[in-house]
Amino acid sequence: MKKHLNWVIVPMIILLASCEKSDRPSVDPYQYVPTSLGQFVISDIEEKIYSAGKDQPVVKKWQEKDQVIKKSVDSESITTLIFSRSLRTSETAPWEKSKEYSVKIYPDKVLTTVDNRTDMNLIFPLNGQTEWNGNTYHSADPQKYHYESLNKPATVSKLSFDNSITVVEREDSSAINQYIGIKKYALGVGLIFDDQIAYEYCQTEECFASDIKKIESGYHRVKMVSQFGTVK
């Protein structure tokens, strides 16, 4: 009797598992980049700038608005997006246009060109085991990027997203410096979080003897989404 029950239960478990898997919505990885005309993301930015001889950093805060203003698709199915970036010092201040930049979506990668520098932000297909050189298209030293999480829920600035990916662009730390670059992208929205750190630590004997690292110079800039949508 027990053997008979096992033959019944096992197929049922397999059937339920397959149904659960098939019922999950598929994720289009290209939708981690905003692709609709008028689509925008507004972000809050805080930047701390450290300078030698100063005990406290200079803190700056502002907002950025990135909006798709042009879109084209060529004969090879490569999508080119032109974004307009505007800045303001507070939620009540008027927007002032800062620049335009381009994003190209290829079948295997996403290239973003800002101020004549092209970075390879994402590659396809999404794979947690893959590494790539984000600096391939400019003269900076090679920098290995990798995905830390794929298609996972995320919460940023009290906004919740069902699907997000995390890209670790840099994660170096030593006794004399620290460099970190981490970005999160949300499905159907785009960039929702960007954490960039570049510290140079104090290197005197007194500093090396201390358990607490003293920042001699550098910056810490955090960008977090506060609003997103599409202007028709």
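**Exercise 1.** Over which ring does the charged end of Arg170 sit?

*Solution.* Keep in mind that this model is predicted. Start from the charged end of Arg170 and look for a ring beneath: that ring belongs to Tyr179, and its centre is 4.2 Å away. A charge has to be within 6 Å of the ring centre to count. A second case to look up in your viewer is Lys65, which lies over the face of Phe40 at 5.2 Å from the ring centre.

**Exercise 2.** Count the aromatic pairs, then classify the one formed by Tyr50 and Tyr199.

*Solution.* The count comes to seven aromatic pairs. For Tyr50 and Tyr199, the centres are 5.5 Å apart and the planes make an angle of 80 degrees. Planes over 60 degrees apart count as edge-to-face, so that is the label for Tyr50 and Tyr199. Next, place the two rings: Tyr50 is in strand 1 (residues 39-50) and Tyr199 in strand 11 (residues 190-201), so their pairing ties together parts 149 residues apart in sequence. Both Tyr50 and Tyr199 are buried. Finally, ring pairs join Tyr50 and Tyr199 with Tyr201 in a cluster.

**Exercise 3.** Work out how Phe161 and Phe228 pair, and whether each is buried or partly exposed.

*Solution.* Their centres are 5.7 Å apart with 40 degrees between the planes, which makes the pair tilted. Phe161 sits in strand 9 (residues 159-173) and Phe228 in strand 12 (residues 215-230), and the pair links these distant parts of the chain, 67 residues apart. Now apply the cut-off: buried means under 20% relative accessible area. Phe161 has 7%, so Phe161 is buried; Phe228 has 38%, so Phe228 is partly exposed.

Note on methods
Residues are numbered from 1 along each chain as its sequence is written. This is a predicted model: local features need pLDDT of at least 70, side-chain atom pairs count only at pLDDT 80 or more; totals for chains, interfaces and linings use all residues. Side-chain values use heavy atoms; hydrogens and water are left out. Rings of Phe, Tyr and Trp (its six-membered ring) pair if their centres lie within 6.5 Å; planes under 30 degrees apart count as stacked, over 60 as edge-to-face and the rest as tilted. Helices (H or I, at least four residues) and strands (E, at least two) are DSSP runs, numbered from the N terminus. Buried means under 20% relative accessible area, exposed over 50%, partly exposed in between (1.4 Å probe, protein chains only). A charge sits over a ring if NZ of Lys or CZ of Arg is within 6 Å of the ring centre and within 35 degrees of the ring normal.
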